[in-house]
Amino acid sequence: MDLSELERDNTGRCRLSCPVPAVCFKEPCALGVDEAGRGPVLGPMVYAICYCPVSRLADLEALKVADSKTLTESERERLFSKMEEDGDFVGWALDILSPNLISTSMLGRVKYNLNSLSHDTAAGLIQYALDQGVNVTQVFVDTVGMAETYQARLQQRFPGIEVTVKAKADSLFPVVSAASIFAKVARDQAVKNWQFLESVQDLDSDYGSGYPNDPKTKAWLRKHVDPVFGFPQFVRFSWSTAQAILEKEAEGVTWEDSAAEEDLEKPGRITSYFLNQGPQTCRPQVPHRYFQERNLETANSL
């Protein structure tokens, strides 16, 4: 799998896809959605879709695709290569979400939790397949959160498509199993070839599984935390494991708000943010921080 685009910029979101097989423009297609790397404290999360004509689902199943977690790395690589060879009827697309994107989303002023990020990424990939002209009539998704709520949400967004959301869908539906293999192969390769933007001294590539409860992973985090700048962007700093190490190993930081900000933080009526308070004799009028952070300015004319 060519991840050169990710290697050029691994700080945000990277979408990769194959050419759409010609048959998928014409015949009704089933599409599966799954992810890899949702839980680790290290590396990206990868969402994948796989699609093929409903009439060829038996051919996909004949490849003996299975939940990627039940397969060895060599078995996943072999199945990935086989599905690539069958590109005349099997298509795929990926969204690779960087650790930096995940953590900044979760810790932003407006919280964007991992479930919402996962749901929106899955829906975005389904929409991407439709925009590419794939004749999607069935969608199968491995659930995140409550299956019934997730299914209703997707069904509302894609009313013309039959949507099925199930727990363990990657072991129930071959097209989801195939998506899980694409996601896992991409994540493994991304982690193995990660391009560190930071100058990390004595970089140790043996970080274990990347999961928070892995002793090797915890040891790697403790070794590579900078007392001032924290972790490399390979780390999801919003994870509690990373935060605990930061609190213990890194220097404490005290943030001192300006006098203007302190005044602005005092409770007041919402309408006071829009009122013209007249000339200021002590200091210039400062917009509320809400507007500053969003680069919003007062409109003087329409």
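**Cysteines and charges in a predicted model**

Visitor: In this predicted model, how far is the sulfur of cysteine 29 from the closest cysteine sulfur?

Guide: Happy to start there. The closest cysteine sulfur belongs to cysteine 24, and the gap is too far for a bond. Cysteine 29 itself is buried, at 0% relative accessibility. The sulfur-to-sulfur distance is 3.9 Å.

Visitor: How many disulfides does the structure hold?

Guide: A disulfide needs two cysteine sulfur atoms within 2.5 Å. Cysteine 18 has its closest cysteine sulfur in cysteine 24, 8.4 Å away, so that pair is too far for a bond. Cysteine 29 and cysteine 24, at 3.9 Å, are also too far for a bond. The count of disulfides is 0.

Visitor: Which residue forms a salt bridge with lysine 82?

Guide: Look along helix 4 (residues 73-85), where the two partners sit 3 residues apart, about one helical turn. Their closest N and O atoms are 4.0 Å apart. Lysine 82 is partly exposed at 34% relative accessibility, while its partner counts as exposed at 59%. That partner is glutamate 85.

Visitor: Is aspartate 67 buried or exposed?

Guide: Aspartate 67 shares a salt bridge with lysine 69, at 3.3 Å from N to O. Lysine 69 is exposed, with a relative accessible area of 64%. Aspartate 67 has 10% relative accessibility, and under 20% counts as buried, so the word for aspartate 67 is buried.

Visitor: Which residue meets lysine 216 in a salt bridge?

Guide: The N to O distance here is 3.1 Å. Lysine 216 lies in helix 10 (residues 215-223), and its partner, 10 residues apart, is in the loop between helix 9 (174-192) and helix 10. The partner is aspartate 206.

Terms used:
Residues numbered from 1 in each chain as written. Predicted model: local features only at pLDDT ≥ 70, side-chain atom pairs only at ≥ 80, totals over all residues. Heavy atoms only, no water. Buried < 20%, exposed > 50% of the residue type's maximum accessible area, 1.4 Å probe, protein only. Salt bridge = Lys/Arg side-chain N within 4 Å of Asp/Glu carboxyl O. Helix = DSSP H or I, 4+ residues; strand = E, 2+ residues; numbered from the N terminus.
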